[in-house]
Amino acid sequence: MGCCSGRCTLAFICGMQLISILERQIFDFLGYQWAPILTNFIHIITVILGLFGTVQFRPRYVTGYAVWLVLWVTWNVFVICFYLEVGDLSKDTDLIMTFNISMHRSWWMENGPGCRVTPVSPPPSWAPEDHRYISIAGCVLEYQYVEVAHSSLQIILALAGFIYACYVVKLISEEEDSFDFIGGFDSYGYQGPQKTSHLQLQPMYMSK
């Protein structure tokens, strides 16, 4: 009963992780944030493998999923520090999020709740010709806090998934050990009839 309950809970957490990360992946695509896109993709694959291992009693898959969650939490903590500009980090740096392939911008920067985007005309002399210069005002929630909220949700789900993944691996291992013990006990508890390797010779009498 405990194993079934733990597996059902872990499967539910994996489902929640898939829904939330797919939503996040869409908005990262819209913002051309290549580093989060790549990391999200790895996370999606790993969660699917963890869900498969949970359903099919594959502790190795669940263990790999738990190990990845540690790295996933580390990444999301870094993203939070990046957007809050902790230490020397700057949320306007292009290298970390886009590998300098494109200009870094969160989709929520222009499309956050209540945000009003106004093109600035004429643009300043330092603005690149292939980019538009805009003014953003009226946002109910700044884009960096939306990104922080996304990462915080992922951390909460990852911590719950890690705890239940360890619990499920422990229960599956205990069931396997119990099964092996019973099988071993039965195999030694019953011994079939054994054939003797020596033949007994009986004397034979012949009448004349």
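Start with helix H3 of this predicted model: select residues 59-83. The selection holds 25 residues and spans 36 Å from the first C-alpha to the last, close to the 36 Å expected at 1.5 Å a residue. Then go to Glu-85, which follows H3 and has a positive phi, near 55°.

Keep H3 displayed and turn to the interior. A search of the whole structure for cavities of 30 Å³ or more returns 1. The volume of the largest cavity is about 50 Å³. To see its lining, select Arg-24, Asp-28, Gln-33, Pro-36, Trp-75, Val-79, Tyr-83, Met-97 and Glu-147. Which helix gives the most to this lining? H3 does, with 3 residues. Now add helix H1, residues 2-30, to the view; H1 and H3 each contribute at least two lining residues. Colour the lining by class: 5 residues are nonpolar, 1 is polar and 3 are charged.

Next, move to the surface. Select Leu-38, Phe-41, Ile-42, Ile-45, Ile-48, Leu-49, Phe-52, Tyr-61 and Phe-99. Together these residues make a nonpolar surface patch of about 810 Å². Where does the largest share of the patch come from? Select helix H2, residues 34-55; this helix provides 7 residues of the patch, the largest share. Ile-48 is a convenient residue to centre on, as a patch member that is found in H2. While viewing the helix, recall that an α-helix has 3.6 residues a turn, so residues three or four places apart point the same way.

For a last view, show the cavity lining and the patch together. Trp-75 belongs to the lining of the largest cavity, and Tyr-61 belongs to the nonpolar patch.

Key: Residues numbered from 1 in each chain as written. Predicted model: local features only at pLDDT ≥ 70, side-chain atom pairs only at ≥ 80, totals over all residues. Heavy atoms only, no water. Helix = DSSP H or I, 4+ residues; strand = E, 2+ residues; numbered from the N terminus. Expected span 1.5 Å × (residues − 1). 1 Å grid on protein atoms, 1.4 Å probe; cavity = no way out; pocket = protein on both sides within 12 Å on 5 of 7 lines; lining within 4 Å. Points joined across faces, edges and corners; volume = space filled by probe spheres on them. Nonpolar A, V, L, I, M, F, W, Y, C, P; charged D, E, K, R; others polar. Patch = residues over 30% accessible without salt bridge, like charges linked within 9 Å, V, L, I, M, F, W, Y side chains within 5 Å. Areas by Shrake-Rupley, 256 points an atom, 1.4 Å probe, with all protein chains shown as cover. Salt bridge = Lys/Arg side-chain N within 4 Å of Asp/Glu carboxyl O.
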